[in-house]
Amino acid sequence: MTLEQHVDRIVGTLQGGAVGDALGVPYEYGTRRLDGEPAMLGGGLGGYAPGQWSDDTEMASVIAQVAATGVDLRSDEALDAIADGFIGWYRQGPADVGTQTASVLRGQEPGPGSADRLRLRALEVHRRTGRSGGNGSLMRTGPVALAHLGDPVAIVEAATAVSVLTHWDPEAGEACAIWCLAIDAAVLHGRLDVTSRMHHLRDDSARHWIPRLEEAARLDPAAYGSSNGWVVAALQGAWAAVARSSGPEDGLFAAVRGGGDTDTVAAIAGALLGAAHGGSSLRAEWRDRVHGWPGLDGHDLAGLAATIGRHATARAYDGDLPVLDRPRR
Ligand SMILES: [Mg+2]
């Protein structure tokens, strides 16, 4: 692997997620009939502009911006900054936001201790509703993997800590950890594999997940179309799309064609597909077209991803920041 390929895969993680999101937006929960090839037509539940990404990439951008400062995402400082970012985003009135995420963020104030307050609120929501395993933390988890590339222990801890800010259900955190481990393997080795690194998970949760993912690898994403608002089915749907794909387009289209929460499943699938195949494998017109809150576009995501990757590499070598090329536009 060349340095250029390495950076391309890091960039592909954020761009792939954004491209999947914008491709899935028009068809979210059947808001538009899908005839032929999915396209960035806008619309969806948030009435988005063509090429505009939705809440999935908006929330991922919050995490990416914090990660780009080089902070360890497991630290109180980082988690408060992410919590503040989520709260600030919600207070600006996003066009679409998941029910569970809204229940946690509603009425919250930013400031010191905000991560603690969100976690407590997430627990209250879990206790009140009896369920908090929506797909809303998995959809935004890509940048977490980049922040801790090559360090599976840190990846599991950070993915879990960022997930639980809004999603108390342990399965949401486990799903984020599994997907981030897969992104890590894809960036470092170009490998599409979700199961072989599950020994890094806490407890023996891999026992539940391995059969779910083996099942998904045999099925079409549409098998999860009616249930993919649930984090487990969203992960299965995304893996169903990725596992049998011949390339990033094939995988993204399969994720959208699976139906249900199309933008979220395609955003999840897109992060892993982009990590494995690189940002340069995505159509240039898509990379040029994606944009959204907080005033970023696909090229800005490339810059953010490269910065996060540079910090992660520096941390892995425990020394000065090595110079990595900024990806070409
Ligand atoms: Mg969305």
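Does Asp203 count as buried or exposed, and at what relative accessibility? I shall answer that shortly. Good morning, everyone. Please bear in mind throughout that the structure before you is a predicted model.

Let us take the opening question now. Asp203 sits in the loop that connects α8, residues 170-189, with α9, residues 206-218. Its relative accessibility is 74%, and it therefore counts as exposed, the cut-off being over 50%. Asp203 also has a backbone feature to note: its phi is positive, about 50 degrees, although the residue is not a glycine.

Tyr29 offers a second case of a positive phi in a residue other than glycine, with a value near 45 degrees. This tyrosine belongs to the loop between α1, residues 3-24, and α2, residues 55-67. Is Tyr29 also exposed, or is it partly exposed? Its relative accessibility is 47%, so Tyr29 counts as partly exposed.

I turn next to a peptide bond. The bond from Trp293 to Pro294 is cis, and its omega is near 5 degrees. Pro294 is located in the loop between two strands, β1 at 291-292 and β2 at 296-297.

We come now to the metal site. Which protein residues serve as donors to the magnesium ion? They are Ser54, through its OG atom, and Asp55, Asp56 and Asp263, each through OD. These donors lie 2.0 to 2.4 Å from the ion. Along the chain, the donors follow the spacing S-D-D-x206-D. If you look for Ser54 and Asp55 in the structure, you will find that both are buried.

My last topic is the interior space. How many cavities of 30 Å³ or more does the model contain? The count is 1. The largest cavity holds about 150 Å³ of space. It is lined by 19 residues, and those closest to its centre are Leu14, Gly17, Ala60, Met139 and Pro143. Four elements each give two or more residues to this lining: α1, α2, α6 at 142-147 and α12 at 262-277. By character, the lining residues divide into 11 nonpolar, 6 polar and 2 charged.

To close, let me return to the two loop residues with which we began. Asp203 is exposed, whereas Tyr29 is partly exposed. As you examine the model, I would invite you to locate these two residues, then the cis bond before Pro294, and finally the four donors of the magnesium ion, Ser54, Asp55, Asp56 and Asp263. Thank you for your attention.

Terms used: Residues are numbered from 1 along each chain as its sequence is written. This is a predicted model: local features need pLDDT of at least 70, side-chain atom pairs count only at pLDDT 80 or more; totals for chains, interfaces and linings use all residues. Side-chain values use heavy atoms; hydrogens and water are left out. Donors are N, O and S atoms within 2.8 Å of the metal (3.2 Å for Na, K and Ca); water is not among the atoms, so sites may look incomplete. Buried means under 20% relative accessible area, exposed over 50%, partly exposed in between (1.4 Å probe, protein chains only). On a 1 Å grid over the protein atoms alone, a cavity is a set of points where a 1.4 Å probe fits but cannot get out, and a pocket is an open set with protein on both sides within 12 Å along at least five of seven lines; lining residues have an atom within 4 Å of a point. Grid points are joined across faces, edges and corners, and a volume is the space filled by probe spheres set on the points. Ala, Val, Leu, Ile, Met, Phe, Trp, Tyr, Cys and Pro count as nonpolar, Asp, Glu, Lys and Arg as charged, and the others, Gly among them, as polar.
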